[in-house]
Structure formats: C-alpha cells, structure tokens
Amino acid sequence: MLDVDALLADPGVRIVVCCGSGGVGKTTTAAALALRAAEKHGRRTVVLTIDPARRLAQSLGLTELDNTPRPVEGLAGDGELHAMMLDMKRTFDEVVLTHTAPERAKEIFANPFYQAMSSTFSGTQEYMAMEKLSQLRSTDRWDLIVVDTPPSRSALDFLDAPARLGRFLDGKMLRLLMVPARAGGKSMFNLVTASFGVFSKAVQRILGAQLLSDLSGFVSALDSTFGGFRERADRTYRVLQDPQTAFLVVAAPEPDAVREAAYFAERLGAERMPLAGLVLNRVHRSELPELSAADSAEAAEKLTAEHAEHTLTAQALEVHALLMRQVARESEVSTGFTDEFPHVPVAYVPAQPTDVHDLAGLREIGGALAAPTA
C-alpha cells in the first residue's frame with residue numbers, strides 16, 4: 001500500500017507530480033494532496049495546475065487562478081497553501097524579461113513570430129511548465145510543490161518539450177536564417193552563396209517572405225538568451241529525476257485509464273523518474289463482501305417468486321448483486337496493473353457520492369488517500 005502521509009511529511013520530498021489520463025480525478029487528487037500536506041503536516045505548499053479547467057479554483061474556494069500563487073483561506077493547522085494556474089505566454093514573457101536586456105526584450109515581444117509561438121506553438125506549454133516549476137523550486141518559499149499535469153499522454157510531454165523546442169530553435173534551418181541578421185542586417189534574400197539563394201527562395205515560396213523575415217528576426221533576437229533556456233530546462237529535468245521528486249500516476253479502475261497508467265509507469269521507469277505510486281480513484285467497495293453477486297441474485301429471484309411482500313428486500317439484493325459484479329470487474333482491471341508493476345505501491349480512493357467542490361470534500365479525499373485499506 002502507498003503510504004501517502006509518509007510521502008507528504010517527508011522533508012526530502014519537495015515536488016509531487018500527478019499525471020494520468022483525462023477524467024480520472026487527477027486535479028482533485030493534486031488539490032487534496034496539497035491541502036493535506038499543508039493542514040496535517042504543516043508544510044508550506046503550492047499546487048500548480050497546467051490544466052485550464054476551473055475545478056481546482058472552485059474546490060479551493062478561489063474565484064480564479066492565474067500565474068501568481070494565490071493563498072487559500074480557511075485552512076486548519078499551521079501550514080500554508082497557495083494555488084496557481086500556468087499562464088503560458090506570461091511565463092514566456094517573464095523568462096525573456098529576466099534574461100534579456102530591456103531593449104532586446106521589447107524587440108522580441110513585438111515580433112509576430114514570438115507572439116504566435118508564445119501563445120500557440122506546440123510544445124511551448126510543456127516547456128513553460130518546466131520553466132515555472134524551475135522558478136518555484138529555485139526559491140525557499142515552498143516546502144512542497146504539487147503539479148497537476150494536463151490530461152492524457154501529453155501529461156508527460158513536459159519531459160520531452162525542452163529538448164524538442166531546443167532542437168527547433170537550434171536547428172540547421174533556423175541557423176541558416178540567422179546568417180543575414182549576423183551579417184549586419186542585410187536583405188533576407190541576398191545571395192550569400194548560390195546554394196543558399198536557392199534554399200531561401202524555396203523556403204520563401206513555402207512560408208512567405210514576411211513570415212520568414214519574422215522568423216529570422218525572432219531567432220536573431222533570442223539567440224543571445226537561448227543558451228540559458230536549454231541550461232535551465234536540463235537542470236529542471238535533472239531535478240525531476242532526483243529523489244526530491246515523487247511522481248504519482250492517477251487512474252480510475254477502467255480499462256482505458258489503467259492502460260494509460262501502465263504507459264505512464266513504463267515511461268517514467270525508462271526516464272529514471274522516481275515513481276512513488278498509483279492512486280486508483282473511484283473504487284467501489286461493499287459493506288458485505290462475503291455475500292457474492294451470484295448468491296445475492298439467487299436470493300432476490302427467490303424472494304420475488306415466493307414472497308411478493310418482500311419486494312424492497314429483493315430490489316436491495318439485486319442492487320447488491322450489481323455492485324459486487326462491478327467490484328469484481330474493477331478488481332480484475334486493477335490487477336492487470338499491479339501484476340505488471342508489482343513494485344509500485346497503490347492507494348485506493350472510494351467512489352464519492354457527489355462531486356468534490358470545496359475544502360471539506362478535498363479533506364475527505366485526502367483522508368481516503370491516507371487510509372491504509374485496499
């Protein structure tokens with residue numbers, strides 16, 4: 001069994017990353033873990049969501065979340081809890097402002113290619129998630145950072161994004177585009193060599209002269225600071241491999257979700273990332289496990305046929321039979337994961353009667369996470 005309280009109380013654990021497919025309660029799990037770390041273990045905690053859904057803000061009693069940590073009110077205990085949601089463009093702007101001279105930053109911000117890239121470019125969100133995590137980790141303000149990643153397999157894209165974005169910005173084509181800028185601002189399509197002239201004309205036909213010019217200007221402006229981008233990303237990646245980080249895979253006892261959980265566990269192992277355990281949400285249990293589905297269904301059928309006055313009892317037995325079949329299905333599905341990854345500890349969270357929408361509900365989930373029951 002996964003000892004959640006031991007994990008949250010461990011001062012050596014500074015980062016908890018929750019990953020998993022969509023619709024399995026990952027955001028709620030991250031919020032519940034952060035709240036329990038603050039209230040029960042007195043840790044100064046911040047929870048960062050990369051998922052733009054509003055569930056986290058609502059459950060923590062906040063009207064909105066943005067790129068700045070906001071304090072959560074109404075906590076019990078001596079800890080602190082702040083929450084924030086990644087603003088991709090604002091984080092990119094902060095990086096440029098921090099590592100670039102004001103005039104050069106102004107030039108970058110005005111560049112149309114930067115404006116598009118900082119808002120919509122594939123991989124930028126995951127890269128900026130790494131940047132924001134690095135910013136939070138670089139200060140002594142937080143004892144624990146809980147990260148709620150995007151749903152589905154893209155949740156692990158932030159492991160690849162720095163290298164992918166680096167390959168793009170450091171690629172041969174972009175370095176060729178920088179030749180005119182480094183030559184003193186000469187025309188984009190001056191024939192440096194005959195071969196480069198052919199190349200530039202071909203690219204111009206595909207992308208258009210203005211986009212190509214914007215791209216060249218962006219790469220030239222960013223060139224002086226890009227080395228810092230890659231260095232910080234590599235440093236954050238090493239932090240994620242360090243024992244101070246704990247990955248929790250979140251799933252529901254459904255075939256698709258468990259298959260995704262197995263993918264995450266396999267990928268984390270390949271990347272040498274410290275997988276702390278699996279959180280299995282919305283698990284059904286019965287108060288009468290000794291009464292099997294078959295026996296319950298048989299008794300219900302007999303009562304219906306022979307004792308019409310006991311209709312309610314028969315109906316209750318039928319509901320119990322359905323529940324026991326569901327318990328059996330869920331057990332079979334989850335066993336597929338535990339058999340494949342026997343070394344990964346598991347925490348089971350019972351299915352809740354209603355959606356979690358406040359601190360009381362999050363405390364309930366936190367208590368269930370820490371309960372040592374299967």
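Biologist: I would like to start at the end of helix 12: which residue that follows this helix has a positive phi?

Modeller: In this model, which is predicted, helix 12 is followed by Arg272, and the phi of Arg272 is positive, near 60 degrees.

Biologist: How should I read the length of helix 12, and what span should its residues have?

Modeller: One takes 1.5 Å a residue and compares the expected span with the distance between the end C-alpha atoms. Helix 12 covers residues 255–270, and its 16 residues should therefore span 22 Å, which agrees with the 23 Å that separates its end C-alpha atoms.

Biologist: Which residues of helix 12 are buried?

Modeller: A residue is called buried when its relative accessible area is under 20%. In helix 12 the buried residues are Ala257, Val258, Glu260, Ala261, Ala262, Phe264, Ala265, Arg267 and Leu268, so the list includes charged residues as well as nonpolar ones. For the protein chain, buried residues make up 48% of the 374 residues.

Biologist: Turning to the sheet, in what order do the strands lie?

Modeller: The protein chain has 15 helices and 8 strands, and the 8 strands form an open sheet with mixed pairing, in the order 3-4-2-5-1-6-7-8. An edge strand pairs on one side only, and here the edges are strand 3 (70–71) and strand 8.

Biologist: In what sense do strand 1 and strand 6 pair, and over how many bridges?

Modeller: Strand 1, residues 15–19, pairs with strand 6 in the parallel sense over 5 bridges; at one of the pairings, Cys19 has Val249 of strand 6 as its bridge partner.

Biologist: Thr245 is in strand 6; is Thr245 buried or exposed, and why?

Modeller: Thr245 has a relative accessibility of 2%, and therefore counts as buried. Leaving aside residues up to four places away in sequence, Thr245 touches Ile15, Val17, Val239, Leu240 and Pro274. Across the protein chain, 78% of the contacts between residues at least 6 apart in sequence join residues at least 24 apart.

Biologist: Finally, how much space lies in the largest pocket, and which residues are the closest to its centre?

Modeller: The largest pocket holds about 530 Å³ of space. Its lining has 27 residues, of which Gly25, Thr28, Arg282, Asp355 and Val356 are the closest to the centre. Two or more lining residues come from each of helix 2 (26–39), helix 3 (55–59), strand 7 (275–283) and strand 8 (346–350). By class, the lining of the largest pocket comprises 9 nonpolar, 13 polar and 5 charged residues.

Notes: Residues numbered from 1 in each chain as written. Predicted model: local features only at pLDDT ≥ 70, side-chain atom pairs only at ≥ 80, totals over all residues. Heavy atoms only, no water. 1 Å grid on protein atoms, 1.4 Å probe; cavity = no way out; pocket = protein on both sides within 12 Å on 5 of 7 lines; lining within 4 Å. Points joined across faces, edges and corners; volume = space filled by probe spheres on them. Helix = DSSP H or I, 4+ residues; strand = E, 2+ residues; numbered from the N terminus. Expected span 1.5 Å × (residues − 1). Buried < 20%, exposed > 50% of the residue type's maximum accessible area, 1.4 Å probe, protein only. Contact = heavy atoms within 4.5 Å. Pairing = 2+ DSSP bridges.
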